[in-house]
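Hi everyone, thanks for coming. Please have a look at the sequence and the structure on the screen, and then we'll walk through them together.

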Amino acid sequence: MVKVKLWGSLRSFADNQEWVEVDASNFKELLDQLSVKHPKLKPQIKRGVSLAVDGVIYRDAWFTEISSENEVVLLPYIVGG
């Protein structure tokens, strides 16, 4: 199981939980499991989210590996320039 911190407004879509756990080994599996366990997150996930693994932020990196050893944070989609 991977412990995932939900950042900011994402918490409101998971009953205001700061931390959730899912069984996933990569970013795509994490998103799929979150959509099942917390259906209110699904529209936000479809709009786009970013994933921070041990402080490195990823976007659309579906097969980025994760494990229970990683610090995993799900963030609203980050854009900038």
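Let's start with a small search: in which loop is Ser68 found? Ser68 sits in the loop between β4, residues 56-58, and β5. Keep in mind that we are looking at a predicted model. Is Ser68 buried or exposed? With a relative accessibility of 51%, and the cut-off for exposed being over 50%, Ser68 counts as exposed. Leaving aside neighbours within four places in sequence, Ser68 is in contact with Met1 and Val2. Its C-alpha atom is also 9.2 Å from that of Ala24, although 44 residues separate the two along the chain.

Now for the strands. Please find β1, residues 2-6. Four of its five residues are buried, so β1 is largely enclosed by the rest of the structure. Which strands does β1 pair with? One is β2, residues 19-22, which runs antiparallel to β1, with four bridges between them. Another is β5, residues 72-76, paired with β1 in the parallel sense over three bridges. You can pick out individual partners, too: Lys5 is matched with Trp19 in β2, and Leu6 with Leu74 in β5.

Stay with Leu6 for a moment. Not counting residues up to four places away in sequence, Leu6 touches Arg11, Ala14, Gln17, Glu18, Val20, Leu41 and Leu74. Leu6 also belongs to the largest nonpolar core, which has 20 residues. Within that core, Val4, Leu6, Leu30, Leu34, Ile66 and Leu74 touch the most other members. Two or more residues come from each of β1, β2, α1, β3 and β5. Which element gives the largest share? That is α1, with four residues.

So let's turn to α1, residues 27-37. Its buried residues are Phe27, Leu30, Leu31, Leu34 and Ser35. Looking down the helix axis, you would see these buried residues within an arc of 130°, so they line one face of the helix. Here is a handy rule to go with that: an α-helix has 3.6 residues a turn, so residues three or four places apart point the same way. The cover over the buried residues of α1 includes β1, β2, α2, β3 and β5.

At the N-terminal end of α1 there is a cap, made by Asn26. One of its side-chain oxygens lies 3.1 Å from the backbone nitrogen of Lys28. Lys28 has another partner as well: its side chain forms a salt bridge with that of Asp32, 2.8 Å from N to O. Both residues are in α1, four residues apart, about one turn of the helix. Lys28 is partly exposed at 36% relative accessible area, and Asp32 is partly exposed at 37%.

How many salt bridges does the structure hold? There are three. We have just seen one of them, between Lys28 and Asp32. Another links Glu18 with Lys5, where the closest N and O atoms are 3.3 Å apart. Glu18 is in the loop between β1 and β2 while Lys5 is in β1, so this pair ties together parts that are 13 residues apart in sequence. Glu18 also meets Arg11 in a salt bridge, at 3.5 Å from N to O. Lys5 is buried, at 17%, whereas Glu18 is partly exposed, at 32%, and Arg11 is partly exposed, at 25%.

One last stop: His38, in the loop between α1 and α2. His38 is buried, at 11% relative accessible area. Beyond its sequence neighbours up to four places away, His38 touches Phe13, Ala14, Gln17 and Val20. Thanks for listening!

Definitions and conventions: Residues numbered from 1 in each chain as written. Predicted model: local features only at pLDDT ≥ 70, side-chain atom pairs only at ≥ 80, totals over all residues. Heavy atoms only, no water. Buried < 20%, exposed > 50% of the residue type's maximum accessible area, 1.4 Å probe, protein only. Pairing = 2+ DSSP bridges. Core = buried A, V, L, I, M, F, W, Y, C linked by side-chain atoms within 4.5 Å. Contact = heavy atoms within 4.5 Å. Arc of directions from axis to C-beta. Polar contact = N/O pair within 3.5 Å; in protein donor to acceptor, adjacent residues only side chain to side chain. Salt bridge = Lys/Arg side-chain N within 4 Å of Asp/Glu carboxyl O.
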